[in-house]
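Take a moment to turn the model around on your screen. Then let us walk through it together, from the whole chain to single residues.

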Amino acid sequence: MRIRRAVGVISLLSSGLLLSSGASALTISLDTVFNGDTPASTAPYLTADFADVAPGTVTLTLTSSLDILSEHIHELGFNIDPSILPSSITIAQVGVGPPTATAFSGLQDAQTMTGTGITGGGLDFLLQFDKVPPADRFNDSLVVVFTLTGGAITAADFNFTNANDGIIVGAHLHGIACTPTSQSADCFDEFGDFDPNGTTSGAISQVPEPATAALLSLGLAGLAWAGKPRRI
């Protein structure tokens, strides 16, 4: 029993923040649908990697795993340590797309991805990608890289959830093929009949942070209990 608890804690930590030689890196796999319809692509649908590259400079590498041609990423939101003003961070795309981010914005707790159901404060940063023409869409196995620059930031500064939804990184997907069980009105005509040619959208994130934190707490509590001397 004690071994299982220890392995669970190590697994959770290894998927989060990794420290090496003073540098930090953070990998977030977006594999959970929290609003809208479920993509037909295989999860994880998107991976976000934050990494230190120089003092005060972090790269954000986004790798799409969407393998259904119509499905593509339209928006991506993430957060920063609340003690750091998002407006103090400069975002720039590395190289020329596609995909190409068409808009960057940063304001604490003020960014909301369209139609995702994110409530209250929202996210700190929002990146938007082209929906048309299809050749410019962010899908398939495409990779896009950004530099985030400001002050003394590190990758560790982006390991924070948004105000009310427990999301570290979230994305809004378009082009999900409609099914008869779809939640969106886009999948039905004016008479309520299913439209097999329609497409809809969905919102994805990492496993919700509160659940992860709860599991981690339980694992650490288990390790602490296992290490206590017991009376016979």
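The chain holds two helices and twelve strands; here helices (H or I, at least four residues) and strands (E, at least two) are DSSP runs, numbered from the N terminus. Read from the N terminus, the order of elements is α-β-β-β-β-β-β-β-β-β-β-β-β-α.

A word on the source: this is a predicted model, in which local features need pLDDT of at least 70 and side-chain atom pairs count only at pLDDT 80 or more, while totals for chains, interfaces and linings use all residues. Residues are numbered from 1 along each chain as its sequence is written, and side-chain values use heavy atoms, leaving out hydrogens and water.

Of the 232 residues in the chain, 38% are buried, a word for under 20% relative accessible area (exposed is over 50%, partly exposed in between; 1.4 Å probe, protein chains only). The chain exposes about 11,800 Å², with 59% of it supplied by carbon and sulfur atoms; such areas come from the Shrake-Rupley method with a 1.4 Å probe, and for residues only the protein chains shown count as cover. Contact means heavy atoms within 4.5 Å. Among contacts between residues at least 6 apart in sequence, 70% join residues at least 24 apart.

How are the strands of the open sheet ordered? Its six strands follow the order β3-β12-β11-β6-β9-β8, with antiparallel pairing. Each edge strand, β3 (32–36) and β8 (101–111), has a single partner, so one side of each lacks a neighbour in the sheet. Two strands pair if DSSP finds at least two bridges between them. Here are two antiparallel pairs:

| Strands | Bridges | One facing pair |
|---|---|---|
| β11 (residues 169–177) and β12 (residues 199–205) | seven bridges | Leu173 and Gly202 |
| β7 (residues 90–94) and β10 (residues 143–149) | five bridges | Thr90 and Thr149 |

Strand β7 also has two faces: Ile91 and Gln93 are on the covered one, whereas Thr90, Ala92 and Val94 are on the uncovered one.

Now look at the loop between β11 and β12, where Ser184 lies. Is Ser184 buried or exposed? Ser184 has a relative accessible area of 15%, so this residue counts as buried. Leaving aside residues up to four places away in sequence, Ser184 touches Asp37 and Thr200. The side chains of Ser184 and Thr200 share a polar contact of 3.3 Å. A polar contact is a pair of N or O atoms within 3.5 Å; within protein, one must be able to donate a hydrogen and the other to accept it, and residues adjacent in sequence count only if both atoms are side-chain atoms. A polar atom of the Ser184 side chain also lies 3.0 Å from the backbone nitrogen of Asp186.
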